[in-house]
Amino acid sequence: MIKVIVGNHAVSYGVMLSRAQVIAAYPITPQTSIVEELSEFCADGHLNAKFIKVESEHSAMACCIGASAAGARAFTATSSQGLALMHEMLHWASGARLPIVIANVNRALAPPWNIWNDQTDSLSQRDTGWLQFYCESNQEVLDTVIQAFKISEEVLLPTMLVMDAFFLSHTAEAVEIPETEDVDRYLPGYKPRYKLDVKNPHSFGSLATPDYYQGFREKIQEAMKRAKEVAIKADEDFNNIFNRRYGIIEEYQCEEAELVLVTSGTVTSTSRTVIDRLRKEGRKVGMLKIRMFRPFPFEEVTGALKDVEKVAVVDRGISFGHGGIFAQEIKSALYSQSSKPFIFSYITGLGGMDVTPQVITNIICDALERNTPPEESIWIRGKL
Amino acid sequence: MSLVVSQEEYISPGHMACPGCGATLAMRYVLKGLGKETIIVLPASCWSVIDGVFPYSSVKVPLFHTAFETAASVASGIKAALEVQGDTETTVLAFAGDGATFDIGLQALSGAAERNEDFIYVCYDNEAYMNTGIQRSSATPYGAWTTTTPVRHPKDRPKKRILEIIAAHEIPYAATASIGYPDDLIAKVTKAKGISGTRFIHVFSPCPTGWKSEASLSIKIARLAVHTKVFPLYEVENGFTFHINMEPKNLPVEEYLKLQERFAHLAEQEIAFIQKNVDEEWEHLLKRALY
């Protein structure tokens with residue numbers, strides 16, 4: 001069945017089809033309509049889940065942690081300040097190895113107040129031990145929710161699905177809604193390997209001495225590494241049933257490219273049209289979409305970029321005092337390679353500033369014209 | 001009503017509490033009341049250590065350690081998960097100290113109480129942050145020494161009236177209890193187990209380390225708190241019905257204070273001031289209990 005729905009409702013459908021059992025959430029723009037729709041699904045009996053209307057995002061994540069620890073499939077959604085408020089519990093979820101799924105609608109952090117899109121909120125959480133997927137379309141959003149539960153439950157780490165505020169959350173697109181039976185076949189009911197059980201009592205999360213503590217951290221890193229292969233397999237299995245696949249990265253027009261533009265989220269769709277036009281004009285340019293950001297797909301990214309002369313990264317987030325976050329990650333991934341492209345970091349689109357085809361064209365032309373990249377990120381200027 | 005107390009022990013010897021610890025007795029008695037079909041949610045507290053170091057645990061029921069301010073919200077999530085799995089038998093117990101309850105976790109507790117989440121919340125109150133080394137909390141009483149309220153400037157505000165705050169959410173059951181009176185405590189836990197919705201039990205729990213008192217005197221001090229009216233034993237049902245469970249012997253508050261070095265710096269007029277406040281609060285409670 002094809003429906004024209006906004007990205008937020010694509011999340012809600014994904015959660016319903018995944019048969020989440022406990023949902024806990026707090027309202028925040030632009031996430032709100034995800035959980036409004038889910039509360040309708042629960043009230044109407046379309047989804048047999050407990051919906052806990054908590055008093056804060058911190059408690060939303062804590063509720064999901066309790067629910068997941070007690071053996072239920074748990075989901076929440078948030079944005080921006082809400083994700084920042086959850087930060088402590090994000091560590092707790094991954095440390096406790098709980099396969100919770102969250103949808104984060106990317107929104108800029110205050111002050112100044114801004115409800116529009118940028119990626120600093122989710123990128124600030126990159127070290128919390130959560131898998132991260134950046135989605136480009138409403139279809140990808142829905143499909144990624146279902147894949148996320150599958151991957152998380154396999155590796156016992158939580159997953160954050162990331163989508164752009166308004167460009168996806170409030171924009172309607174045609175979305176194929178998978179059949180329930182097909183989703184059930186792909187993602188069977190949750191059978192936790194470990195849970196709080198009075199018939200088999202254990203303490204979870206006890207005080208651990210330094211040797212044990214570091215051992216637990218090593219296990220998380222091992223699970224993260226495994227998550228990449230699990231995600232690739234989950235995507236293939238998904239394709240076998242639903243005839244759609246996304247990959248963990250996507251190379252677009254990269255053959256013999258002199259410059260590859262690195263994108264994530266909806267900027268990818270805009271960039272595709274620009275790349276197509278420039279290719280028609282005879283410019284050897286391509287694009288690399290990064291869908292999986294954690295675990296970072298080192299092999300795939302270096303494989304796509306190592307023989308390119310120049311890489312231009314569209315960064316819609318910043319690590320203050322350093323620069324564009326995607327650019328940093330790509331630089332570090334390429335450091336071990338013998339051939340290293342020049343990496344240009346462009347900061348744009350913060351707080352919803354529109355990244356138009358012209359902006360993308362300017363970025364590509366700027367990088368082509370420069371000989372070597374400056375040390376710092378290049379700003380596509382805003383006002384002030 | 002005669003009370004049969006279980007001979008079963010749900011915590012093991014070898015736990016890591018200090019001698020004379022009230023919190024250990026509180027857990028012991030609460031679990032005797034609830035039995036083995038209980039899941040404990042434990043935020044940061046002395047009990048994070050008392051439970052033991054991985055891979056050991058001193059409780060015989062499932063226990064989930066969690067962040068300081070999340071006892072009530074994690075308990076809400078666990079209860080929801082049990083319900084969707086068709087488990088209506090298991091009791092969810094949030095077991096938190098005064099810091100996690102009066103201070104950092106109050107928002108989550110208030111949220112859960114307003115939703116009337118179906119769990120039992122026990123606050124073991126030792127009147128300061130004892131696990132981090134005796135810093136004042138909003139449960140610390142007027143005049144007490146702590147490491148952040150030194151004797152040159154002891155606590156200058158009264159203890160937060162937590163039971164009335166939580167009871168004001170109109171939850172079905174809220175009560176005070178004391179490790180000095182295990183029969184009363186276990187009876188209240190047993191009663192709470194038979195009620196659904198949010199149940200809150202505030203347990204007075206001396207800390208010899210933080211109160212600078214003799215380990216052997218913890219029970220005596222807990223009993224004196226009741227009989228000097230410092231910590232009356234009462235219940236509040238549905239937010240409005242107050243019931244006093246034990247008539248205090250009306251002993252002077254000094255009897256209670258003098259056994260604890262944390263009050264050793266108090267001058268006569270400060271003790272008189274505390275006595276006056278205790279008497280007034282008791283009158284206030286009596287009025288509400290009579291209504």
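Reader: How much area do chain B and chain A bury between them?

Author: Start with the general idea. The size of an interface is often given as the accessible area lost when the parts come together. In this predicted model, chain B and chain A bury about 2,900 Å² between them. Of that area, 67% is on carbon and sulfur atoms.

Reader: Which three residues of chain B supply more of its buried area against chain A than any other three?

Author: They are Phe54(B), Phe64(B) and Val84(B). Together they supply 21% of what chain B buries against chain A. As for residue counts, the contact takes 39 residues from chain B and 39 residues from chain A.

Reader: Now the sheet. In what order do the seven strands of the open sheet in chain A run?

Author: General idea again. Strands of a sheet pair through backbone hydrogen bonds, either parallel or antiparallel. Here the order is β3-β2-β4-β5-β7-β6-β13 in chain A, and the pairing is mixed. The edge strands are β3 (50-53) and β13 (292-294) of chain A, each pairing on one side only. Neighbouring strands are turned by 20° against each other on average, direction ignored.

Reader: In which sense do strands β6 and β7 of chain A pair?

Author: Parallel, over four bridges. Strand β6 covers residues 131-134 of chain A, and strand β7 covers residues 159-164. Look at one bridge: Gln132(A) has Met160(A) in β7(A) as its partner.

Reader: Which strands does helix α6 of chain A touch?

Author: Helix α6 (residues 138-155) packs on the sheet and touches β4 (74-78), β5 (101-106), β6 and β7 of chain A. Its direction makes about 170° with that of β7(A).

Reader: How many disulfides does the structure hold?

Author: A disulfide is a covalent bond between the sulfur atoms of two cysteines. This structure holds zero over all chains. Take Cys254(A): the nearest cysteine sulfur, that of Cys365(A), is 17 Å away. Cys254(A) is buried, at 13% relative accessible area. Now take Cys21(B). Its nearest cysteine sulfur belongs to Cys46(B), 6.5 Å away. A disulfide needs the two sulfur atoms within 2.5 Å, so Cys21(B) is in none. Cys21(B) is buried too, with a relative accessible area of 16%.

Reader: What does Pro208(B) contact, leaving aside its neighbours within four places in sequence?

Author: Its contacts are Pro19(B), Gly20(B), Cys21(B), Ser213(B), Glu214(B), Ala215(B) and Ser218(B). Pro208(B) lies in helix α8 (residues 208-211) of chain B. Its relative accessible area is 10%, so Pro208(B) counts as buried. Compare sequence with space: Pro208(B) and Gly133(B) are 75 residues apart along the sequence and 12 Å apart, C-alpha to C-alpha.

Reader: Is Ala333(A) buried or exposed?

Author: Buried, at 4% relative accessibility. The cut-off for buried is under 20%. Ala333(A) sits in helix α11 (residues 325-334) of chain A. Not counting residues up to four places away in sequence, Ala333(A) touches Phe296(A), Phe298(A) and Thr302(A).

Reader: Which residues have the most contacts inside the largest nonpolar core?

Author: Met61(A), Ile330(A), Tyr121(B) and Phe200(B), in a core of 90 residues. Follow Tyr121(B): its contacts beyond four places in sequence include Ala71(B), Leu109(B), Arg199(B) and Phe200(B). Another core, of 57 residues, lies apart from the largest one. Among its residues are Ile40(B), Ala144(B), Trp145(B) and Ile221(B).

Methods:
Residues numbered from 1 in each chain as written. Chains lettered and ligands numbered in written order. Predicted model: local features only at pLDDT ≥ 70, side-chain atom pairs only at ≥ 80, totals over all residues. Heavy atoms only, no water. Pairing = 2+ DSSP bridges. Helix = DSSP H or I, 4+ residues; strand = E, 2+ residues; numbered from the N terminus. Axes fitted to C-alpha atoms, helices over the stretch in contact; angles between N-to-C directions. Contact = heavy atoms within 4.5 Å. Buried < 20%, exposed > 50% of the residue type's maximum accessible area, 1.4 Å probe, protein only. Core = buried A, V, L, I, M, F, W, Y, C linked by side-chain atoms within 4.5 Å. Buried area = accessible area lost by both parts, 1.4 Å probe.
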